[in-house]
Amino acid sequence: MIPSIKFDEDWTDQFLDSIENNRGLGNWSKYNMALTAGKKKLIENFHGLVATKHLPDLTIYPHQYETAQTVIEKMNGKAVLADEVGLGKTIEAGLILKEYMIRGLVKKVLILVPASLVTQWCRELNEKFFIPAIEQRKRPAWEHVDITVTSIDTAKREPHASVIQDIDYDFIIVDEAHKLKNKNTKNYQFVRSLKKKFCLLLTATPVQNRLSEVFHLISLLKPGYLGDESSFEEKYKNEEDHEQLNELIQKVMIRNRRSDSGMNWPKRKVETVPITFTPEERQLYDAVSELKNIYSRNSGDAGQGISFTTLTLQREVCSSREAAFMTLKNLMEQYQSYPSIMNDLQSIAEKINAVTTNSKAEKVLSLIQQSDEKVIIFTEYRATQLFLQWYLAQHGIRSVPFRGGFKRSKKDWMKQLFKDQAQVLIATEAGGEGINLQFCHRMINYDLPWNPMRIEQRIGRIHRLGQDKDVEIYNFAVQSTIEDHILQLLYKKIGLFEGVIGKLDDILEKFADNQLEEHVSNILLHSESEGEIRVKMDNLSSIIAR
């Protein structure tokens with residue numbers, strides 16, 4: 001027999017009596033408990049951090065603590081965090097966010113990051129800071145989630161953008177913020193339109209070679225801080241006025257350097273691996289070089305166009321015949337109405353078919369087989385990436401690809417497969433940005449980029465906080481090719497691989513993002529001999545070093 005359920009209704013009579021006769025609903029002991037709890041939560045001033053008391057298991061380095069304290073006490077929660085790669089900008093941002101949340105000043109938060117880093121950001125905020133951040137994916141609930149992590153590409157698209165722009169956010173964080181330096185991009189316009197009380201912009205490359213870039217980046221934080229754009233450029237157009245500008249910038253930007261951190265960093269062991277072409281590979285490279293020289297002297301539109309493309313073809317021949325073939329195929333489609341050009345291209349195609357060995361790939365295989373340690377390989381070309389994956393598989397080595405075209409979930413999956421199962425990760429340039437791979441300490445620069453900062457971004461994936469082994473970096477360069485010129489005449493002369501990269505800041509102040517690559521391209525494109533290339537490259541490296 002089921003016993004009958006009796007409901008206690010006495011409380012309703014007491015409640016109604018208290019309402020009607022204005023009696024108190026609590027008692028003295030409850031009041032004291034509430035008062036004590038309130039005092040415990042009360043933070044009387046803004047000096048020092050209280051968040052660290054709530055994060056006993058998180059290792060916070062002195063430069064990270066000082067950064068968070070400076071942003072809160074002196075910058076009013078609006079700052080550019082511009083630490084060198086690997087110093088833990090994410091930790092600094094999380095610490096600042098946690099501090100404001102504990103103080104009751106922040107509830108609604110939007111964090112905009114590259115798509116490949118959304119899951120990583122969420123995981124770190126939840127696990128390290130106990131901040132309940134949520135990824136926004138196919139069906140975002142922007143209004144109903146307090147702490148949202150999403151890609152800027154998702155957020156700026158409709159119907160999401162309109163909803164987000166109507167929300168009053170307490171705190172906005174933008175990772176890889178150097179991509180916002182151009183005010184004419186949709187990314188910049190979108191971030192500028194957001195409502196925010198506090199804002200952090202994170203970037204390891206605070207490019208300052210153009211005054212307009214500095215102006216627009218800081219204007220996202222503090223509109224009007226540097227005045228209007230025209231008067232700003234007029235005021236600081238002379239270098240003698242830049243000292244005053246730097247003082248203003250330092251009030252909204254913090255840049256920690258490895259050399260100043262006082263930390264015992266793992267060493268960088270850098271080794272140049274010279275590659276010798278087979279006779280067939282050399283014949284192919286020389287034929288492409290000759291083709292470039294012929295058409296660089298041709299003043300016609302067709303000659304000028306094909307000359308620049310053959311420079312790319314030279315780089316691809318140094319990578320793989322597969323990469324070169326894809327460019328050659330496009331060229332043949334483009335110039336099929338030019339019989340003389342088609343004859344030259346057909347000759348190159350025959351030389352590609354004659355190549356049966358990839359000397360670089362053989363060296364990669366030999367290097368990987370020396371130990372069971374994990375290795376990251378960076379290549380510039382997707383065709384080379386696919387070839388290397390196939391080639392390594394033929395020799396029993398498991399590898400996974402990583403490239404920009406992958407969706408966020410696939411990038412996360414590839415990273416996890418690399419950590420748990422595969423020995424090798426083969427990445428195009430997308431792997432050089434943002435992801436943390438401290439569980440690996442060996443890296444091969446299979447193809448060398450022409451921008452020094454991209455090299456540093458690659459190295460920063462493994463040479464960062466949390467790395468407990470010395471980092472091994474292998475730079476491949478085919479002898480007597482443009483790769484050799486870049487490595488020997490440029491990178492080595494500016495000391496790119498010598499310990500900590502400190503000179504890059506000075507380089508970036510002199511050269512725009514692609515400006516250095518343009519200088520190198522012009523030298524290689526318009527030089528008629530190896531001697532001329534060497535003289536021009538030597539001049540360029542001297543300018544940079546000076």
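Is Phe 130 buried or exposed? Hi everyone, let's start there. Phe 130 is exposed, because its relative accessible area is 55% and the cut-off for exposed is over 50%. Please keep in mind that this is a predicted model.

Phe 130 sits in the loop between α5 and β3, the latter covering residues 134–135. Its backbone deserves a look too: Phe 130 has a positive phi of about 55°, although it is not a glycine.

Which other residue has a positive phi although it is not a glycine? Glu 176 does, with a phi of about 50°. You will find Glu 176 in the loop between β5 and α8. Here the accessibility goes the other way: Glu 176 has a relative accessible area of 12%, so it is buried.

Stay in that loop for a moment, between β5 (168–174) and α8 (186–193), since His 178 lies there as well. His 178 counts as buried because its relative accessibility is 14%, and the cut-off for buried is under 20%. What does the His 178 side chain contact? Its partner is the side chain of Thr 203, in a polar contact of 2.9 Å.

One more backbone item for those of you who check omega. The peptide bond that runs from Glu 158 to Pro 159 is cis, and its omega is near 5°. Pro 159 belongs to the loop between α6 (152–155) and α7 (160–165).

Now to helix α16, residues 359–368. Seven of its 10 residues are buried, so the rest of the structure largely encloses this helix. Among the buried ones are Val 364, Leu 365, Leu 367 and Ile 368, and Lys 360 is also on that list. Lys 360 comes up again at the start of α16, where its backbone nitrogen has a side-chain oxygen of Asn 358 within 3.1 Å.

Last topic, the largest pocket. Its space comes to about 940 Å³. Of the 41 residues lining this pocket, those closest to its centre are Gln 120, Glu 124, Asn 436, Gln 438 and Arg 464. Which helix gives the most to the lining? That is α5, with seven residues. Helices that each supply at least two lining residues include α4 (89–102), α18 (408–420) and α19 (452–459), along with α5 itself (118–129). As for chemistry, the lining has 16 polar, 14 charged and 11 nonpolar residues.

So α5 links the two ends of this talk: Phe 130 is in the loop that follows it on the way to β3, and α5 gives the most to the pocket lining. Thanks for listening!

Definitions and conventions: Residues are numbered from 1 along each chain as its sequence is written. This is a predicted model: local features need pLDDT of at least 70, side-chain atom pairs count only at pLDDT 80 or more; totals for chains, interfaces and linings use all residues. Side-chain values use heavy atoms; hydrogens and water are left out. On a 1 Å grid over the protein atoms alone, a cavity is a set of points where a 1.4 Å probe fits but cannot get out, and a pocket is an open set with protein on both sides within 12 Å along at least five of seven lines; lining residues have an atom within 4 Å of a point. Grid points are joined across faces, edges and corners, and a volume is the space filled by probe spheres set on the points. Helices (H or I, at least four residues) and strands (E, at least two) are DSSP runs, numbered from the N terminus. Ala, Val, Leu, Ile, Met, Phe, Trp, Tyr, Cys and Pro count as nonpolar, Asp, Glu, Lys and Arg as charged, and the others, Gly among them, as polar. Buried means under 20% relative accessible area, exposed over 50%, partly exposed in between (1.4 Å probe, protein chains only). A polar contact is a pair of N or O atoms within 3.5 Å; within protein, one must be able to donate a hydrogen and the other to accept it, and residues adjacent in sequence count only if both atoms are side-chain atoms.
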